[in-house]
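Trainee: Please take me through one part of this model in detail. I would like a close look at the contact between the two chains, seen from one side, and then a few local points on that chain.

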Amino acid sequence: MKAYRAIISARFRMFLQYRAAAIAGVGTQLFFGLVLIMIYEAFYRSSSAPKPMSYPQVVTYVWLGQAFLAMLPWYTDYEIYGLIRTGAVAYELLRPVDLYAFWYCRILASRSASTLLRAVPIFLIAGLFLGLRPPPTLASAAAWALAMLGALLLGCSISVLTMLSLLWTTSGLGITQLVSTVVLVLSGMSVPLPLFPDWARPILDVLPFRGLVDVPFRLYNGSLPPEEVLPLFLQQLAWTAGLVLLGRWLLGRGMRRLVVQGG
Amino acid sequence: MPQILVENLVKTFRVAERSPGMWGALRGVLKRRYRTVRALDGISFSLEPGELVGYIGPNGAGKSTTVKVLAGILVPDSGRCEVLGRVPWKERIAHVRQIGVVFGQRTQLWWDLPVIESFELLRDIYRVPQADYARSRDEMIGLLGLEPLLDTPVRQLSLGQRMRCDLAAALLHSPSLLYLDEPTIGLDAVSKLAVRDFVRRLNREQGVTVILTTHDMDDIEALCSRVILINRGRILSDGSLTELRRGVTTEHRLIVDLAEDEGQFHDPEARVIRREDHRLYLSFDPERVPAAELISRIAARHAIRDLYVENPPIEEIIARLYKEA
């Protein structure tokens with residue numbers, strides 16, 4: 001365990017060095033948040049049909065999305081991507097550790113570090129000036145925290161899978177872009193899932209992506225009651241376990257046919 | 001019992017072939033042609049503990065592939081390979097604990113972290129007990145002169161500094177086997193000497209077995225008692241440097257500085273290879289004419305200021321071997 005803990009803490013320290021990137025990220029996210037909110041405002045004003053989420057709830061939802069964007073498995077982890085592309089993956093295989101756990105920890109660390117750096121300032125700014133509200137009750141806050149943990153674990157297991165595709169394709173950009181789109185749409189990041197047509201809802205509810213955004217964010221803004229958290233959290237864990245097993249199996253197969261690139 | 005045992009190792013790679021040009025690229029999308037490259041084509045050798053072996057061959061000969069199989073990174077197609085009694089790729093985690101590897105073209109240090117933090121990270125990853133770690137760390141710092149570098153982030157190190165740190169990093173867990181894949185590539189003369197000196201001491205004083213792949217013949221000449229030469233995945237020769245030399249040529253060199261420019265030089269047993277002002281480079285076969293005899297013969301006819309006899313430079317030997325291969 002010590003080995004994995006050491007990796008996580010080293011990655012954390014490394015990320016804290018990239019302050020400029022974090023500041024730029026915060027700026028971008030604030031801008032995107034404002035644009036999205038303007039769109040939703042226009043949408044809510046132009047229609048009088050009953051909405052599954054109130055306007056203030058949607059505003060909070062949008063800000064959560066901007067704050068936790070870095071946690072979603074929608075972008076490539078360039079570090080490991082680079083390792084495989086250049087062949088430096090050789091050194092990874094020389095470590096006396098379980099490779100899957102090793103990579104999972106790296107991704108976990110880089111995701112949580114970069115999320116933390118962006119989420120805290122966005123929470124402050126959006127909370128004070130831009131309409132992000134705190135959870136309605138303490139129970140909602142607790143349910144949200146639990147679901148966030150589930151979302152982080154689930155997101156990392158999806159990230160590892162995306163990365164493992166590199167063992168087969170090397171360039172891997174195609175798959176990452178595909179995964180990126182699927183994640184952004186099906187998780188509820190682009191449009192909250194309650195706004196999707198009714199026929200799509202049962203499908204979306206079963207897929208793993210919901211656990212990344214829809215579940216934690218709606219527990220936060222009260223659109224899902226806090227007592228529903230337990231089955232949803234278990235669903236997140238079940239999907240995580242399944243994807244981890246799939247990843248381990250793929251890694252085992254990929255290693256056998258691995259070609260270490262370059263010299 | 002040998003520390004490394006390799007028998008009839010074969011590893012092939014499938015390389016996608018593409019015809020040149022736009023049309024070729026389009027055709028490649030529909031139908032791929034593959035070419036099979038035999039990177040290792042029946043390699044066999046064994047190594048006893050404490051040996052320092054040079055593993056040489058032209059680019060693409062299969063050197064790095066062998067090292068990667070021995071390190072447990074690549075799985076061969078067929079053949080037997082045992083390192084310290086284990087099959088590397090089958091018991092990867094137990095195996096890599098016992099070996100240290102340096103790929104000269106890559107670093108195993110964390111790019112953004114200070115050197116000492118990379119060391120501590122490796123300590124945790126290899127689960128080296130603190131006391132052992134402190135001992136081997138201090139030893140490496142002393143031997144490689146790393147003290148002033150420890151707090152510098154790796155990305156700010158020069159290549160020579162980085163290589164010294166990489167060597168230390170590969171040895172913190174006190175492996176009994178060390179693979180060095182082109183450790184002196186791109187280094188300046190001083191850094192090369194430092195690396196060579198370190199490798200020699202490690203081998204002599206601590207009995208670490210070393211496999212060294214390199215293109216730098218000075219590395220081989222300075223370090224290796226045994227040289228394995230491979231090309232196109234096959235072993236061409238395996239033995240001491242002297243034997244390797246003898247296999248190619250028995251020629252020796254005689255370099256003569258004449259006192260004055262005498263125009264013509266002629267001797268039936270010595271061939272003039274090169275001439276620079278007053279200096280003559282002669283090549284002769286000591287089996288046909290002993291050096292002493294040749295020298296006295298030349299001295300009788302010319303005024304000589306200075307002379308010396310030497311082996312042909314190993315670069316030439318190797319170049320000739322590569323060509324024959």
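Mentor: Start with who takes part. Chain B puts 30 residues into the contact, and chain A puts in 31 residues. Keep in mind that this is a predicted model.

Now the area. About 2,800 Å² is buried between chain B and chain A. Carbon and sulfur atoms give 60% of that area. On the chain B side, look at Ile73(B), Arg106(B) and Ile125(B). Those residues supply 23% of the area that chain B buries against chain A. No other three residues supply more.

Next, the polar side of the contact. Seven residue pairs are in polar contact between chain B and chain A, both partners at pLDDT 80 or more. The rule finds zero salt bridges across this interface.

Which elements of chain B build its side? Helix α2 (63–71), helix α3 (92–96), strand β5 (99–103) and helix α4 (115–126) of chain B each supply at least two residues. The largest share comes from α4(B), with six residues. By type, the side of chain B that touches chain A holds 18 nonpolar, three polar and nine charged residues. So charged residues are there, yet the salt bridge count across the interface is zero.

Now leave the interface for helix α9 of chain B, residues 241–248. Which of its residues are buried? They are Leu241(B), Leu244(B), Arg245(B) and Val248(B). These residues lie on the same side of α9(B), because they cover an arc of only 100° around the axis. Note that an arginine, Arg245(B), is among the buried residues. On the other side of α9(B), Arg246(B) and Gly247(B) are exposed.

Finish with two backbone points in chain B. Ser174(B) has a phi near 45°. That is a positive value in a residue other than glycine. Find Ser174(B) in the loop between α6 (159–171) and β6 (177–181) of chain B.

Arg232(B) is the second point. Its phi is also near 45°, again positive in a residue other than glycine. Arg232(B) sits in the loop between β8 (226–231) and β9 (234–239) of chain B. Is Arg232(B) buried or exposed? Its relative accessible area is 60%, so Arg232(B) counts as exposed; the cut-off is over 50%.

Technical notes: Residues numbered from 1 in each chain as written. Chains lettered and ligands numbered in written order. Predicted model: local features only at pLDDT ≥ 70, side-chain atom pairs only at ≥ 80, totals over all residues. Heavy atoms only, no water. Contact = heavy atoms within 4.5 Å. Buried area = accessible area lost by both parts, 1.4 Å probe. Salt bridge = Lys/Arg side-chain N within 4 Å of Asp/Glu carboxyl O. Polar contact = N/O pair within 3.5 Å; in protein donor to acceptor, adjacent residues only side chain to side chain. Helix = DSSP H or I, 4+ residues; strand = E, 2+ residues; numbered from the N terminus. Nonpolar A, V, L, I, M, F, W, Y, C, P; charged D, E, K, R; others polar. Buried < 20%, exposed > 50% of the residue type's maximum accessible area, 1.4 Å probe, protein only. Arc of directions from axis to C-beta.
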